[in-house]
Amino acid sequence: MKLRGCLFARIGFSSRGVSRILFLLFPAGLALASEWPQAAGPNGNFGSAGKAPDAFSVSKNEGVRWRAKLPSTGQGTPVVSRGKVFVTSHDEITEDSQMGSTILGMCFDAVTGKELWRRKIGGTRTTDLSSLFSDNTAASPVADGKRVVFVNVGGTIKCFDYEGKELWSHVWTPFGRHHARAHEPILHDGKVILMHAPRYDLPVSATTKGGSHSLGRGKEYWTFLRAYDLETGKLAWQAEAGTSVHSTSILGKLPGGKHAILTGRGGGHKPPEEPYGLSLIDASNGKSIWDRAVKGYAAAQNANWSGKAAHFFVGQDHRSVAIGSGEPIGTLSLREGVTVTSRKGDGYETVENGKLPKAKKPITYFTNLIVGNYHYFRSFGGFFIGRVHLKSGKVEYLQVPVQVVRKPGRKDEILWDKSLPNDMKNADGFTATQDKRNAGSGWGHVSSAPPVVVGDLIYFPTMVGMVYVLKWDAPVLNEDALVSWSDLGPAGETWSLSGLAYADGRLYARTLKELLCIGGKAE
């Protein structure tokens, strides 16, 4: 849904298409994408140059190129390589189900949506389906042009060629103090970099929160980043520093040209890796460049860094450290002296030097992303998209509706305060979940999918199937920055904790029910 003019009068679907001049001056680090080979995109920073659809409504079948039924629930981002889409799904269920272990690695034609093959990948851990804190499908595939790696977070890696022939596999026993959405597999220098505990002898009970507590917090139970050679499957290195299961580690390049990975420790349920804080790891060998203890650091965020600094959230503050040393270089309040643009009547009102109500946490987990001079995020409460200007220190918020109910032939119903409860059903009509919180709004206490950037637009997907599209480089974060509030399916029937992928002018998404290709003429 495209926004023009007065807030409520301007709601209707159209494509910017030729109406918007192609944005040519992309920020450093964004290369044009004909492929999206991993959850973090072709550059490892969740961004790409290009031009993607800026308004779409799957619930009205507007902007949809093709859609393919999926066997069951899943949370990994679809990845695109050499004309194929790779995605994971939990195994098929034949009745309402709460738990699952085996997942499917699936391959589709990127142009037509035809399923080409699927392979079963077992796990040593059983987990609750469609958990708002991830399940066994939460780690997205990675594809290097020859090989695709699927990860069952429950304890298995399998590598296949593009025709579905298995090349190698690796099995371990997860240590289960928590199963939150965590590290996304990283492609780098002929390796896939994963995160897991290097244990192969633990009892199955250790894969649960209750069963793991009795084993204690010793380093033998820590999780680490581990790099595997894509060709052979052999372990290339294990990081010196531990990584919390909560952390999404980010690959980048230091000013001198060396590749490094920023990773974190800390968060809910007292993960054992210590000290809580951040580490910068040499991506060639896993050795620590620096380790920095950060009191109160919660690792349920993307470990973002850009240029000469890393930026993160602690309590009600936004903090920065020098990327070369880990030394602190700045702190900003996320609540006081901020600019807030919020709904008023049928429009918006902007208040300068305002104060945001205190929330339990600074952001909805994993919704933070650096692009240009901005650090974007979704608020923990109140349904605001926020950003920090990294040079000026200005903090801005823009309120968005939690959900838009769309039905063919009817006026859109805009919900600002509460979303519709989700049916949590797969494409065959079976309920695939356990926790009633999984049917919530997708804001706050949830391991959300990260936003992605394509050209001059940033896309924020939510658990209820909303996708907020904004001009990330807008001079002011107000209603004029908001391009559309699009959707991935009917309200109350659409659930997704998967990120978006972009390739060749099209977006790819997956929900509990289906795999979607958005943009271009319908197949």
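**Aromatic pairs and ring-face contacts**

In the predicted model, Arg378 lies over the face of Trp443, 4.5 Å from the ring centre. A second arginine, Arg387, lies over the face of Tyr374, and here the distance to the ring centre is 3.9 Å.

The structure holds 20 aromatic pairs. One of these pairs is formed by Phe313 and Phe377, whose ring centres are 5.2 Å apart, with 65° between the planes. This geometry is edge-to-face, because planes over 60 degrees apart are assigned to that class. Phe313 belongs to strand 24, which spans residues 309-314, and Phe377 belongs to strand 30, which spans residues 374-378; the pair therefore ties together parts that are 64 residues apart in sequence. Phe313 and Phe377 are both buried.

Trp443, the residue whose face is covered by Arg378, also pairs with Phe383. The centres of the Phe383 and Trp443 rings are 5.4 Å apart and their planes stand at 85°, so this pair is likewise edge-to-face. Phe383 is located in the loop between strand 30 and strand 31 (384-389), whereas Trp443 is located in the loop between strand 34 (413-415) and strand 35 (452-454); parts 60 residues apart in sequence are therefore tied together by the pair. Phe383 is buried, as is Trp443.

Aromatic residues also occur as a cluster. Phe86, Trp117, Phe150, Phe160 and Tyr162 form one aromatic cluster.

Definitions and conventions. Residues are numbered from 1 along each chain as its sequence is written. This is a predicted model: local features need pLDDT of at least 70, side-chain atom pairs count only at pLDDT 80 or more; totals for chains, interfaces and linings use all residues. Side-chain values use heavy atoms; hydrogens and water are left out. Rings of Phe, Tyr and Trp (its six-membered ring) pair if their centres lie within 6.5 Å; planes under 30 degrees apart count as stacked, over 60 as edge-to-face and the rest as tilted. Helices (H or I, at least four residues) and strands (E, at least two) are DSSP runs, numbered from the N terminus. Buried means under 20% relative accessible area, exposed over 50%, partly exposed in between (1.4 Å probe, protein chains only). A charge sits over a ring if NZ of Lys or CZ of Arg is within 6 Å of the ring centre and within 35 degrees of the ring normal.
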